Every structure is written in structure tokens, then in C-alpha cells.
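Subject: Structure handover

Hello,

Here is the structure I promised you. Please open it first, then read my notes below.

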Amino acid sequence: MKMSKIVVSLLLMVGLCGCQLAKEVVVTGEDELIGVFITMESLNIHDFEATLNNKDDINNGKKYASLIMEPYINEAGQSKEMPAYVFEDLEGIPFFNAEIEEDGETYRSMADTNGYLSNLKLATNITDDSREYVLEGKLYYKVGIQDMVFYANPVYQESNGNVYVEQAAGLSMMDSMEGQSGSNKIDASMTLTENNKTITNKTSVTVSYESMFEPIKTSIIEMNKENEVVLISEYKNNIFPDSLDLNNETEYVLVETTKLDTTNKEIVTREIFSKNDDSINVYELKDNGLIIVKNIIMNLIN
């Protein structure tokens, strides 16, 4: 396997003033970039004491994942298990696409982000002489949390299948108002030789962040063809159903989200969905200050 060259770009965009901060770092390595492990605190996996004492860092700046059998429920409602790489003693959001070998077959498996990332884009383009992987996702966070810092720690996979994470610099976010945003982007390109053939492997990972006022109430309003209210359902305390049976008169659905701004003033935002859409989006605040975009499946009742 030949040496790879990885370019890491950090971009912070402050919406109202139009300011941009950009930082580019060039890193070299032999392993394949497969995604990131997002944390809100530094991983602190470097042995700085050893460095100060001119000793070798036994971690070599890496933290390896464990390959476990993870339970899941298949489409038939049956309990199954599948292999997955997890960082068992680290708290964060896995966003990587690892190669798994099982029963003599090799395939890519996307880590479970636990619903934290929305606007997901997972694309793969494989040709005879190239492989391209694109991972994109958005993370919402509550306005008003001081010192909000995100670390998009790069995750790599070795040729022997082992997966590890390396520590990244933090991206400090502004949180004085809704809609402020920033992003981490990592682009990697490497070449490898398989069966005497050179293959180019490219990976692009983008994680964007956006601030949001605290959601405190959600109203789901079903409307008929005459733009009249058919039914209003209200939800508080982040308790939402997994699915919603629409009234047979419903033509479209309004989702009103009531939020609290920094002065404790209530603000209402609205989104509209057709009855033919698969789902509607609601916002669920977690204890760590992150906000999940939850999809509620809409069922048409005839």
C-alpha cells in the first residue's frame, strides 16, 4: 500500500456577519480514512507525559475500536446480531463506514449514529480503478450552552481490518442566536495496489453544525383541502410517537415548533409536509444539549 495524503479543512461560518475562518492541515499516513468520531470533549489519547520525558507514546496517538456483535431488529421484527466496530470507553457519535469481513464475504457497514446526525448523505462510487466514498451529516445544538466545542476525530482502518481514531483539534461554535453554523471537512486520497493494479481510493467526510433555540413544544396540525384544521396533536417533554395515522380528510400537515430564545421569549417556526410524504420531522432536545431531528412515519388511513 502506498503513502496517502490527507487534507483536513475546518470551516467556521458565522451567518449574520458573513465571517469565515478556515484552517487547512496536511497529514500523511498509510491507512484508509473511513469517517469521524464526533465528541464534545478532547479525546486526550496522546501520552503527553511520555513525550515530555522523551519516551515513546505507547498509544502512538491512536485509540483502537473493538469488533463486537451488536444486536438489532430486522424488518421482520426478529432479533439478530451483526458485527460492528465500537469505541467502548469513549463517549461520542460514530460516523464512519468500516469494512467488515464475515463468513468469507467483505462489505461496508455504517456505524449507528444513534439518530444524532440528520441530512445524511452516504454515497459510494466504485469503478475498475477507483473507489469514492462520501459521508455528510448535520448536527444541531441548543443555543445558550457556553464553550460549545466539537471534535471531528478522524477514524482510520488498517489493511488488517483494525479500526482506530486519532485526536483532532476542536471547532468552537458561537451560540448567541439561532442559525449560526460551522463545519468540519476531511478529504483523503490514497493509492493502493491490488492484483498488480493501482487503485485510487478517495474519501470525503463533512459534518456541519447549526445552533437552534430550545424546542419546548411541538404541534402537529392536520389540514384538509379547504385549508381547514382537521386535527391538532401537541407534544411536550420530547415524547413523540414513532408513527402517525393521518385522518382520511387530511391533505397536508403543518408542524409548529415552539422554542425559547435567549430572553425566554417563545418563537414559533413552521414546516409543511404533504400527506404523500413518508414522514414529518420534529426536534428532540437531549440532555447533552444536542438536538435530534426525529422522523415520525405518516400512515394514510383510507
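**Around V36**

V36 touches I93, P94, F95, F96, A152, N153, P154, V155, I186, V205 and V207, leaving out residues up to four places away in sequence. Keep in mind that this is a predicted model.

V36 belongs to a wider group. The largest nonpolar core has 25 residues. Which of them touch the most other members? They are V36, I38, L139, F150 and Y209. Several strands feed this core with at least two residues each: strand 3 (32–39), strand 7 (93–102), strand 10 (130–142), strand 11 (149–157), strand 14 (181–194), strand 15 (197–212) and strand 22. Strand 10 gives the most, with four residues. Apart from this core lies another one, of 14 residues. A65, A98, I100 and A111 are among its members. In soluble globular proteins, nonpolar side chains tend to be buried together.

**The whole chain**

Now step back. The protein chain has one helix and 22 strands. It has 302 residues, and 42% of them are buried. The chain exposes about 17100 Å². Carbon and sulfur atoms supply 44% of that area. Take the contacts between residues at least 6 apart in sequence: 58% of them join residues at least 24 apart.

**How confident is the predictor?**

The mean pLDDT of the chain is 84. A value of 70 or more is reached by 85% of the residues. Which elements have the lowest and the highest mean? Strand 2 (residues 19–29) has the lowest, at 37, and strand 19 (residues 252–260) the highest, at 97. Over residues 1–29 the pLDDT is below 50, though this stretch has 70 contacts in the model beyond near neighbours in sequence. Residues 50–58 also stay under 50. That second stretch has six contacts beyond four places in sequence.

**Strands side by side**

Look at strand 5 (residues 66–73) and strand 6 (residues 79–86). They pair in the antiparallel sense over eight bridges. M69 stands opposite P83 in strand 6. The hairpin of these strands has five residues between them, and there G77 takes a positive phi near 80 degrees.

Strand 18 and strand 22 (residues 290–300) pair in the parallel sense, over four bridges. L246 stands opposite L300 in strand 22. Strand 18 (residues 243–246) also has alternating side chains. L244 and L246 point to one face and are buried. S243 and D245 point to the other face and are not buried.

**Two residues to click on**

Start with L117. Where does L117 lie? In the loop between strand 8 (105–110) and strand 9 (118–126). Its relative accessibility is 6%, so L117 counts as buried. Beyond its neighbours within four places in sequence, L117 is in contact with I38, I93, F95, G137, K138, L139 and V207. L117 and F95 are 22 residues apart in sequence, and their C-alpha atoms are 8.6 Å apart in space.

Then try T218, in strand 16 (residues 214–223). Is T218 buried or exposed? T218 is buried, because its relative accessible area is 2%, below the 20% cut-off. Leaving out residues up to four places away in sequence, T218 touches S233, E234, Y235, F240, V255, E256 and V282.

**Aromatic rings**

There are eight aromatic pairs. In one of them, Y64 and Y164 are tilted: 5.4 Å centre to centre, with 55 degrees between the planes. Y64 lies in strand 4 (residues 62–64) and Y164 in strand 12 (residues 163–166), so the pair ties together parts that are 100 residues apart in sequence. Y64 is partly exposed, with a relative accessible area of 37%. Y164 is buried, at 4% relative accessibility.

Y140 and Y283 form an edge-to-face pair: 6.2 Å centre to centre, 75 degrees between the planes. Y140 is in strand 10 and Y283 in strand 21 (residues 279–285), so this pair ties together parts 143 residues apart in sequence. Y140 and Y283 are both buried.

F37, F87 and F96 form one aromatic cluster. F96 is also among the residues that V36 touches.

Best wishes

Definitions and conventions
Residues are numbered from 1 along each chain as its sequence is written. Side-chain values use heavy atoms; hydrogens and water are left out. Buried means under 20% relative accessible area, exposed over 50%, partly exposed in between (1.4 Å probe, protein chains only). Contact means heavy atoms within 4.5 Å. Accessible areas come from the Shrake-Rupley method with a 1.4 Å probe; for residues, only the protein chains shown count as cover. Two strands pair if DSSP finds at least two bridges between them. A nonpolar core is a set of buried Ala, Val, Leu, Ile, Met, Phe, Trp, Tyr and Cys residues joined through side-chain atoms within 4.5 Å. pLDDT is the predictor's confidence in each residue, from 0 to 100. Rings of Phe, Tyr and Trp (its six-membered ring) pair if their centres lie within 6.5 Å; planes under 30 degrees apart count as stacked, over 60 as edge-to-face and the rest as tilted.
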